[in-house]
Structures are given as C-alpha cells and as structure tokens.
Amino acid sequence: MAISLDVALEKACVQILNTSVLVRVVLSGRRKSMETEFERVDIRPVLIKDKIQLQLSHNDGRATTVKNIQPESDLILTFLNSGYSNILVEHTEGSMAIRITKSGEAHVGYEKKAFTQELSHDKKKNRLLDPTDPFLLEVGITDHKGNIKPSKQDKYLQVEEFLRLLAPTLKSAIEAGQIHAPSKEKPLSIVDLGCGHAYLTFAAHQYLRSIGIPVEVTGIDIRTASRDRNNEIAKKLGITSTINFRAEEIANTTKQSADVAIALHACDIATDDAIAWAVKADAKLLLIAPCCHHDIQSQMDVSPEPWAGVTKFGLMRERLGDLLTDTLRAQILRIVGYRVEIIEFIGGEHTPRNLMIRAVKTNAPPDSIDLTRYREICAQWGITPALESKLPAPFIS
Ligand SMILES: C[S@@+](CC[C@H](N)C(=O)[O-])C[C@H]1O[C@@H](n2cnc3c(N)ncnc32)[C@H](O)[C@@H]1O
C-alpha cells in the first residue's frame, strides 16, 4: 500500500514508542539523493535501571557501536527521516515494513507474526550458523553432542564474523545492481580460494541458503586430500549439486568465473593469487582475509630514509611489511576498478590475521593520485608486489 511518507513515518514512530511490545527496528538501504551515516542501524528496547531506553547499534565494518537514547518522538522521527530507504519495525504481534521508493512514496506492508521481546542490556550476539547444522559436525567444528570443540572455537568465530560481513555486503551490492539478483535459475556463484578444510566454504553455502540466497559454491585448494575429504562431506550432506571442490592451484584453476571470491588465510602469495584470479575472472565482490606476508618483507632490503628508523626493529619491519603488502593490494584493486576497504573482521584475540580486504567492483576510473601513490611507494621501497606481477601487464596504463 503506497501512502504519504510523513504518514508512514508517523505510524512507524507510534509503533516504536510503544516500547512495551517493541521487539526491534532495522533501518537500511539509502533513499535517492540522500546519504546515510551508517549502512544499517538496529534499534531495540533495553531495560536500564528500570526504564526502557532504545539501544541503537551500527557496525562500520570494524566494530559495533552502541548508543542508548530516550524513546522520544522527535528523536525517532529524525532518525526515520535520515535517509534510509527500508524501515522495519517488529513488535510482539507482527511487523510493519516501509520501503521508500525513488519518487519518495512509502510502500507499507504489515505482517502478523509472533516475535519475542528481549530487554536485557548485554544481549549476546546472535549466532548466524544453526548450531545443529550437521555440516558443523562433519567438518569437525562440533563434537557429537553439538558442542564446539575447544580447538575449533577461534576458527568457528572467524567463520561467523566473516559471514557477518559477507551477508550485508552482498545485499548492498545486489541492491546497487553490482551483483545480479540470485535466483534458482541463476544462483550466486562463490569461490573460496585456498579453502583447506572448507569450514568457511560450507558455512557460506549453508548460511546463504538459510537466508534464501540460492548459491553455487566451489572450494579450491592445492591439496587433493582436502578436495576428496570435502567432496565426501558434501556427498554425506546431500548438497553436491550446489557445492563442489577442486584440487588445483589457484593460479591455474580451471574455474573460470564467479560473482564472489572469498579467501580466508590463503598462505602468503596465495592471497595474491586469489586476488589476481578474482580480478581476471571479473568477480564483483571480494572478501579476502590475508594470511602471513613474506613477499614484500623479503624485498625490503634497503629502507628509504627515515623509515630505517622503523625497520631497524625486527618486529616493526615485519609489521610494516604486512601493512605495505595489504595497502598495495588495496591500491591495486582501486586502480583496476574496485571500491576497497580494509577492515578488521574479528578481534585480534581470535587471530592476529584479522584484516579483511573488502572490494566491490564499481568500474569507477581510479583517481590519478592512486596511481601516483602506488608507483611512488613501490619506487621508494624498491619493491614489486607479487600481485602486480600476477595481473596482465601493464595493469596500470
Ligand atoms: C592456512 S590454510 C587456510 C584454509 C582455510 N581457508 C581456513 O581458513 O581454514 C591455507 C590453505 O591454502 C592452501 N593453499 C596454499 N597455497 C595455495 C595455492 N597456491 N593454490 C591453492 N591452494 C593453496 C593450502 O593448501 C591450505 O589449505
């Protein structure tokens, strides 16, 4: 039902102010010609010192920031009118969804459904993966009682946090037309490069399917034992029509294309192979969490001054090498037409390799400053990143 925007927002505001039954509010998407401060804002009622407040949380890709506000209509209306194109209000007996069109009309839908209110202040993070999903047992993350094995806790969290970024990034890219809307006939193709035991590969397959995204997933790893084990698990789970594994080197894989390329801790320059493959295969979205970095470090023979003041400390040299490596990878991706961010996908206590390069193909021409900076950094340090050598020459004209 299309109604005037003001009326729709007033209705949503009334529902939000009814905090005794409010469950949550989600603001997402962007209205035409408007900027939003965050990609998505989640709001829920919380009980603090016997008073209900509204807890706003948003994630900038690095961390989740939480703020509590009083449930006051002026504040809420300002938020509702701050540029988001989708507003979802859930209460204990149903939901109201507003979609604001390009022409500024509000399409409002209602659904009757029971939702549970949860007012505790320190709510535990919702897990994305169903703890009873048999894949967790088959890949060896959980034991027969369904408990996560202590030795797999960190890997499990890495996978969950990876998915937590994958899903909204994917959704935004689909909404922006950068990735086709996946359908049964044309599922989203995902390739996991350097998949190893395929914790992430299976998790992405199961999770995306659970939220209604048809997928076709391929895991690639140089080791034949990994391929055989993973294909066997896929067979056991009855999902071989939508997930498969190949024992191939990333650089020479027979896989030709994918919409999305993911890689979690592909060793050293296997990460460069993964990025190079994705660029050549014209993947629209890359989520790459690099592993150890030796390539640039081994080329940092002579540090340009005054950087010798940093590199004289072994540990600092190593860290600077890591920073240069991922910076130059990001810079190359910008140059070849991706919008790039470098973010922390998980806290450092779970893995020191906690950076992620997130890149969406926009085909935007690079700023000339990107090329200049890239060339100057390489020239000053006398280095040629492995990724540059893996892309068709000259990758920068
Ligand atoms: C550190 S493990 C990470 C595995 C998995 N992504 C995970 O997070 O559990 C790196 C994997 O990359 C694979 N690998 C390394 N170099 C490769 C290459 N050039 N081509 C294909 N796979 C490679 C290794 O065999 C190994 O399984």
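The shell around the ligand holds 11 nonpolar, five polar and four charged residues, where Ala, Val, Leu, Ile, Met, Phe, Trp, Tyr, Cys and Pro count as nonpolar, Asp, Glu, Lys and Arg as charged, and the others, Gly among them, as polar. This is a predicted model, in which local features need pLDDT of at least 70 and side-chain atom pairs count only at pLDDT 80 or more, while totals for chains, interfaces and linings use all residues. Residues are numbered from 1 along each chain as its sequence is written.

Of the 20 residues around the ligand, those that come nearest are Gly-194, Gly-196, Ile-222, Leu-264 and Ala-270; a residue is near a molecule if its C-beta atom, placed from the backbone, lies within 6 Å of it. Two or more residues of this shell are given by each of α5 (199–210), β10 and α7 (270–280). Here helices (H or I, at least four residues) and strands (E, at least two) are DSSP runs, numbered from the N terminus.

**The nonpolar cores**

The largest nonpolar core has 72 residues, of which Ala-204, Ala-261, Ala-274 and Leu-286 touch the most other members. A nonpolar core is a set of buried Ala, Val, Leu, Ile, Met, Phe, Trp, Tyr and Cys residues joined through C-beta atoms within 7 Å, and a residue is buried if 20 or more other C-beta atoms lie within 10 Å of its own, exposed if 12 or fewer, and partly exposed in between, with C-beta atoms placed from the backbone. Leaving aside its neighbours within four places in sequence, Ala-204 is in contact with Leu-163, Leu-166, Ile-190, Asp-192, Val-217 and Ile-262, contact meaning that the C-beta atoms of two residues, placed from the backbone, lie within 7 Å. Apart from the largest core lies another, of 20 residues, with Ala-12, Tyr-84, Ile-98 and Ala-106 among them. In soluble globular proteins, nonpolar side chains tend to be buried together.

Ala-203 has its place in helix α5 and counts as buried, because 25 C-beta neighbours lie inside 10 Å. Beyond its neighbours within four places in sequence, Ala-203 is in contact with Leu-129, Val-159 and Leu-163. Ala-203 and Val-108 are 95 residues apart in sequence and 34 Å apart in space, C-alpha to C-alpha.

**Three helices**

The expected span of a helix is 1.5 Å times one less than its number of residues, and the table sets this value beside the distance between the end C-alpha atoms.

| Helix | Residues | Expected span | End C-alpha distance |
|---|---|---|---|
| α1 | 13 residues | 18 Å | 18 Å |
| α6 (224–237) | 14 residues | 20 Å | 20 Å |
| α10 (314–335) | 22 residues | 32 Å | 31 Å |

In α1, the buried residues are Ala-8, Ala-12, Cys-13 and Ile-16. They cover an arc of only 135 degrees around the axis, which puts them on the same side of α1; the arc is that of the directions from the helix axis to the C-beta atoms. On the other side of α1, Asp-6 and Val-7 are exposed. The buried residues of α1 pack against β1 (2–3), β2 (22–28), α2 (73–80), β6 (86–91), β7 (94–100) and β8 (106–112). Glu-10 also has its place in α1, and is partly exposed, with 14 other C-beta atoms within 10 Å. Glu-10 and Leu-80 are 70 residues apart in sequence, yet 9.2 Å apart in space, C-alpha to C-alpha.

In α6, the buried residues are Ser-226, Arg-227, Asn-230, Ile-233 and Ala-234. They too cover an arc of only 135 degrees around the axis, which puts them on the same side of α6. Thr-224, Ala-225, Asp-228, Lys-235 and Lys-236 are exposed on the other side of α6. What covers the buried residues of α6 includes α3 (134–138), β10 (215–221) and β11 (243–247). After α6 comes Gly-238, whose phi is positive, near 70 degrees.

In α10, the buried residues include Gly-321, Leu-324, Leu-328, Arg-329 and Ile-335. The buried residues of α10 pack against α7, α8 (295–299), β14 (338–344), β15 (355–361), α11 and α12. Gly-337 follows α10, and its phi is positive, near 100 degrees.

**Thr-384**

Thr-384 lies in the loop between α11 (368–381) and α12 (386–390), and counts as partly exposed, because it has 13 C-beta neighbours inside 10 Å. Leaving aside its neighbours within four places in sequence, Thr-384 is in contact with Cys-378 and Ser-389. Thr-384 and Gly-104 are 280 residues apart in sequence and 50 Å apart in space, C-alpha to C-alpha.
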